[in-house]
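Subject: Structure handover

Hello,

Here is the structure I said I would pass on. Please open it alongside this message; my notes follow below.

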Amino acid sequence: MTELTIFDKSLLNLLQSNIPICSRPFEEMAKKLGTDEQTVLKRLRELKAEGYLRRIGTFFNSNSLGYQGTLIALSVEPEKIQQVAEKINNYSGATHNYEREGQFNLWFTLITPNQVQEQKILSEVRELNGVEDMICLKSNKKYKVNVQFNLQ
Amino acid sequence: MFSSICNEKMKTFEINARDKAVIRALQGDFPLCEEPYKILAEQAGMTEEEFINCVKNLSEEKKIRKMGAVLKHREAGFIANALCAWSVPNEKLDEVAQVMIKNPAVSHCYDRNTAPNWNYNLYTMIHAKSRDECEKIIKNLSETTGIEQFQILYSKKEWKKTSMKYFCE
């Protein structure tokens, strides 16, 4: 992986906020960076190919699309953690699934279109072999959702 | 950000077939080419202009949270990523959260219900360049807010990290 140049860093900082909603968004970004559209596109393709970007795309607010999300923490027998994690991964609404240190060692987020679906999945997960305890941590307020790294 | 999300909860969710087509087209990778919206519009079966107008509306209505890039934490040098769960008196939640979200190392901050054996009600994702730095940030947040009961939950293994696909069921 190559070292990021000053140009790369300002390009990535700009790209992390918002892609303009207009016919030629990369031309508009290029103007802000004092360069041209082709330079921006070429470098973005390279940075993507080199693996700096997890994703360039659209992030939705699931609540305002009528979906609901929750965080679930499981206490799983250590030797069964892989099989439990893989079962959870099969649910398309399980978007993040992490093994963590501590009393609860498997944490996943679940997005579903309604309460019935959520309850169904949660009762299936609770029954998985190796799951000793499960807590469902519903959120009422999202104070901040902003994954942005200021590259300097 | 917080107030807008709160207001949305009270709105009725009117998402018409056009919006759904636009949302489905936007869910994949954003095309890196001169006219990306033209390509996405074709997938959604509408003109570029119609598509752009729909995207603008979805964005104004905060249905779109962000359009842009997410970097890979580790490649960007952030190798210590912890979920920190805090136990905060309910009446102090807003005040404590407001302090925490000001710290640029905090990417997510949610309140959450507690459980009988788990008395933590505020959750922050913290990204740092080392565990030392991460713990310094948490110590600093603890001292600034006066919240002394917390758990640092480092990730040991990422089993899955994807984006939700909406309206595909």
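In this predicted model, nine strands make up an open sheet, and their pairing is antiparallel. The order across the sheet is E5(A)-E2(A)-E4(A)-E3(A)-E5(B)-E2(B)-E4(B)-E3(B)-E6(A). Strands of a sheet pair through backbone hydrogen bonds, either parallel or antiparallel. Two strands of chain A form the edges, E5 (131-137) and E6 (142-145), and each of them pairs on one side only. Ignoring direction, neighbouring strands in the sheet are turned by 25 degrees against each other on average.

Some of the pairings can be followed strand by strand. In chain B, strand E2 (residues 80-86) and strand E5 (residues 150-161) run antiparallel and are joined by five bridges. Here B:Leu83 has B:Leu153 of E5(B) as its bridge partner. E3(B) and E4(B) also run antiparallel, with five bridges between them; in this pairing B:Cys109 is opposite B:Thr124 of E4(B). At the other side of the chain boundary, E6(A) pairs with E3(B) over three bridges, again in the antiparallel sense. A:Val145 is the residue opposite B:His108 of E3(B).

Is E3(B) enclosed or open to the outside? Five of its six residues are buried, so E3(B) is largely enclosed by the rest of the structure.

Next, the helices. Helix H5(B) packs on the sheet, where it touches E6 of chain A as well as E2, strand E3 (106-111) and strand E4 (122-128) of chain B. The direction of H5(B) makes about 10 degrees with that of E6(A).

H5(B) has a helix partner too. Two packed helices are described by the angle between their axes and the distance between the axes. For H5 (residues 93-102) and H6 (residues 131-145) of chain B, the angle is about 145 degrees and the axes are 10 Å apart. The crossing of H5(B) past H6(B) is right-handed. Which residues of H5(B) and H6(B) make the contact? H5(B) contributes B:Val96, B:Val99 and B:Met100, while H6(B) contributes B:Leu141, B:Thr144 and B:Thr145. Of the residues in this contact between H5(B) and H6(B), four are nonpolar, two are polar and none is charged.

The last topic is the aromatic rings. How many aromatic pairs does a search of the whole structure find? There are 12 over all chains. One of them joins A:Phe26 and B:Phe30: the ring centres are 6.1 Å apart and the planes stand at 70 degrees, over the 60 degrees that is the cut-off, so this pair is edge-to-face. The pair crosses between chains, with A:Phe26 in helix H2 (residues 25-33) of chain A and B:Phe30 in the loop between helix H2 (17-26) and helix H3 (36-44) of chain B. A:Phe26 counts as buried because its relative accessibility is 0%, and B:Phe30 counts as buried at 2%.

The pair of A:Phe60 and B:Tyr166 is also edge-to-face, because the planes are at 75 degrees; the centres of these rings are 5.8 Å apart. This pair crosses between chains as well, from A:Phe60 in strand E1 (residues 53-60) of chain A to B:Tyr166 in the segment after E5 of chain B. A:Phe60 has 7% relative accessibility and counts as buried; B:Tyr166, at 4%, counts as buried too.

Finally, one aromatic cluster is formed by A:Phe104, A:Trp107, B:Trp118, B:Tyr120 and B:Tyr123.

Regards

How values were computed:
Residues are numbered from 1 along each chain as its sequence is written. Chains are lettered from A and ligands numbered from 1 in the order in which they are written. This is a predicted model: local features need pLDDT of at least 70, side-chain atom pairs count only at pLDDT 80 or more; totals for chains, interfaces and linings use all residues. Side-chain values use heavy atoms; hydrogens and water are left out. Axes are lines fitted to C-alpha atoms, for helices over the stretch in contact, and angles run from 0 to 180 degrees between N-to-C directions. Helices (H or I, at least four residues) and strands (E, at least two) are DSSP runs, numbered from the N terminus. A crossing is left-handed if the near helix is turned anticlockwise from the far one by less than a right angle, and right-handed if clockwise. Contact means heavy atoms within 4.5 Å. Ala, Val, Leu, Ile, Met, Phe, Trp, Tyr, Cys and Pro count as nonpolar, Asp, Glu, Lys and Arg as charged, and the others, Gly among them, as polar. Two strands pair if DSSP finds at least two bridges between them. Rings of Phe, Tyr and Trp (its six-membered ring) pair if their centres lie within 6.5 Å; planes under 30 degrees apart count as stacked, over 60 as edge-to-face and the rest as tilted. Buried means under 20% relative accessible area, exposed over 50%, partly exposed in between (1.4 Å probe, protein chains only).
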